[in-house]
Amino acid sequence: MTIEKHKKPEQQKSQLLRKLERWTFYSKTLRDIRQELFSLEDTEDILESYLLTAMGTLGATRGFVCLADGMSQTGHIESRGIEDLQIKTIHKSMPKISRECYSELFNIDSAHPFHVRVVDRDSLVLYSWCPREISILILWTVGLTDFGFTGLGSKILSEDYDKEDLEFIHSLTDSLILSIINRNTASAAQHLAKELDKKNRIIESAIEKNKKTKTNLDRRVFQLKSFQDMSLELIGLKNTDRIMDTFLLMAMGIFSVKQGFILSFDRDENTANISYRGLKTADLEELSNEEVQNKIAGIFKAAGGSALSPMMAEMIDNDKLPSNILIPMEISIGLFFVINESHTGLVFLGGKITRQNYLEEDRELLLSLTHNFMVYLENTRAFETIKRLNTELENKNLEMKNTIEDLTTCINSIEVLEKAKFRIKSAIQKEREKAGRMSIKDFILILFIGLLLGLIYNFSSPDGISIIPNEWQRKPPEFIKVQDARLAYNHRAIFVDARPVEFFNQ
């Protein structure tokens, strides 16, 4: 009795020591496997590490572990010592497994994200899909939809799984579930991070587009304001030179340039209008209209604008910009425009004050401003033409008025002369009628009376007129020959011209 009493405490002590060592081993294994499981990122690696740890720690001869998606009813299986045919059977039985084993677990109203249930050997016969070599089955869930199960075969020492083994496999399965949840959380976080990064890029892109849109909007507002300001400035002008000066000044202000030049040439009227800023008058070439026309034609031909339609404008390419063809300036941007078949023009601007290059938006703005300017220029030219025609018409009307007044005066004079003619004609007619009634006796009587009166006056007046003129009694003048007169002139004879002064001067 005494020996038996001594053996019993020794056995209990030995059992407690083995139990303590076993728990220490299980605890160390759980600590190590948790670190390993939480460090893995791939699901297959997590399941494989879990299965190997369970089999190695418990000494199981075979085993498998499966993680299934409750939505798609598909899963991934890691196994050791299980035939492929049995693994295929498990894959095919996923919907059945979900209905038979997990419908009850998913219906449990619990705050825990997972559940673990151990199925003993006696209950395994209810699961036809489970391989016969499996001695213990662990059912577990992850979240509200995913599920998994672990099957372990018999131990190498042919011992049944005791309570400590079940607690170990339960804790190990908890670690597996937590690692899967952690991996899912990390994966979800990565996915969210990627989505967030993607959305951030979308937001940044939207912000950049917004900035570009705002810049485009500001540019459009600036262009519209430029159009409005230019229209307000040009709308009241009725002189070609003033409208060209105003357009050039506003264009130079909009683009911040120092030098500018604009030329308008009308081939039909043979007139050229030039406006410039930033250049000295002495720098410009004195060109005739024909030379201006030839040089403009050369620019159009070089820039390819010969076939440009009326009321159109086109930019000149940078490599085709003329150098010192009309003005001594460095041209940075230019265009040509066509009002009609005979009326053409050029616009040249120098470099910006900011030394920046002209952008495509600047070229479009200058082209649009020029189109707007062309409308006002054509209207102004039409107004000037109408004004000139009105002036010419007024002058012609004045000439016609003066002509009408002269014609009226002439008509009045003709009427007076007609009346005088009529009166004279009447008087002559009367005298002719009277003369037609006179006889020869009347003539003889008048002649006798006139002769008698003349004799009476001649004898009674001291200056009476001789009845026979003295000239009739005067000797004819003496004549000399020309040779004798020249000889006498050579001997200094004096010649006296007794004619009147008027005859002498004539």
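This is a walk through the fold of one chain, from its overall make-up to its two sheets, a buried helix residue, the salt bridges and a surface patch.

Keep in mind that what you're looking at is a predicted model. The chain runs to 506 residues, and 31% of them are buried. Its secondary structure comes to 12 helices and 10 strands. If you take the contacts between residues at least 6 apart in sequence, 63% of them link residues at least 24 apart. The chain's accessible surface is about 34,700 Å², with carbon and sulfur atoms accounting for 56% of that.

Let's start with the sheet that holds β1 to β5. Five strands make up this open sheet, lined up as β2-β1-β5-β4-β3 and paired in antiparallel fashion. The edges are taken by β2 (74–80) and β3 (116–119); each has a single partner strand, so one side of each has no neighbour in the sheet. From strand to neighbouring strand the turn averages 15 degrees, ignoring direction. Zoom in on β1 (residues 63–69) and you'll find it tied to β2 by seven bridges, again antiparallel. One of the bridge pairs puts Asp69 with Thr74 in β2.

Two helices to look at next both sit against this sheet. Helix α3 (residues 84–92) packs on it and touches β1, β2 and β5 (146–153), with its direction at about 155 degrees to that of β2. Helix α5, spanning residues 163–234, lies across β1, β3, β4 (134–142) and β5, and runs at about 35 degrees to β4.

Stay with α5 for a moment, and find Thr173, which sits in this helix. Is Thr173 buried or exposed? It's buried, with a relative accessible area of 0%. Setting aside neighbours within four places in sequence, the residues in contact with Thr173 are Tyr50, Val116, Ile138 and Trp140. Two of those contacts can be placed in the sheet you've just seen: Val116 belongs to β3 (116–119), and Ile138 falls in β4 (134–142).

Now move along to the other sheet. This one is also open, with five strands ordered β7-β6-β10-β9-β8 and antiparallel pairing. Here β7 (271–277) and β8 (312–315) are the edge strands, each pairing on one side only. The average twist from one strand to the next is 10 degrees. Within the sheet, β6 (residues 260–266) and β10 (residues 343–349) run antiparallel and are joined by seven bridges. Look across from Leu263 and you'll see Leu346 in β10. A helix covers part of this sheet too: α6 (residues 240–255) lies across β6, β7 and β10, at about 35 degrees to β7.

On to the charged side chains. How many salt bridges does a search of the whole structure find? The count is 11, and three of them are worth a stop. Back in α5, Asp229 and Lys225 meet with an N to O distance of 3.0 Å. The two are four residues apart in that helix, so about one helical turn separates them. Both are partly exposed: Asp229 has a relative accessible area of 28%, and Lys225 has 48%.

The next pair reaches further along the chain. Glu269 and Arg388 form a salt bridge at 3.9 Å, N to O. Glu269 is in the loop between β6 and β7, while Arg388 is in helix α8 (residues 360–437), so this pair ties together parts 119 residues apart in sequence. Glu269 is partly exposed at 37% relative accessible area, and so is Arg388 at 36%.

The third pair is Asp362 with Lys352, at 2.8 Å from N to O. Asp362 belongs to α8 and Lys352 to the loop between β10 and α8, so the bridge links parts 10 residues apart. Asp362 counts as buried at 14% relative accessibility, and Lys352 is likewise buried at 14%. Glu269 and Arg388 also turn up in a wider arrangement: salt bridges with shared partners join them with Asp266, Arg381 and Glu392 into one network.

Finish at the surface. Leu445, Phe448, Ile449, Leu452, Leu453 and Ile456 form a nonpolar patch there, with about 590 Å² of accessible area together. To find the patch, head for helix α9 (residues 440–460), which holds Ile456.

Notes. Residues numbered from 1 in each chain as written. Predicted model: local features only at pLDDT ≥ 70, side-chain atom pairs only at ≥ 80, totals over all residues. Heavy atoms only, no water. Patch = residues over 30% accessible without salt bridge, like charges linked within 9 Å, V, L, I, M, F, W, Y side chains within 5 Å. Areas by Shrake-Rupley, 256 points an atom, 1.4 Å probe, with all protein chains shown as cover. Salt bridge = Lys/Arg side-chain N within 4 Å of Asp/Glu carboxyl O. Pairing = 2+ DSSP bridges. Axes fitted to C-alpha atoms, helices over the stretch in contact; angles between N-to-C directions. Contact = heavy atoms within 4.5 Å. Buried < 20%, exposed > 50% of the residue type's maximum accessible area, 1.4 Å probe, protein only.
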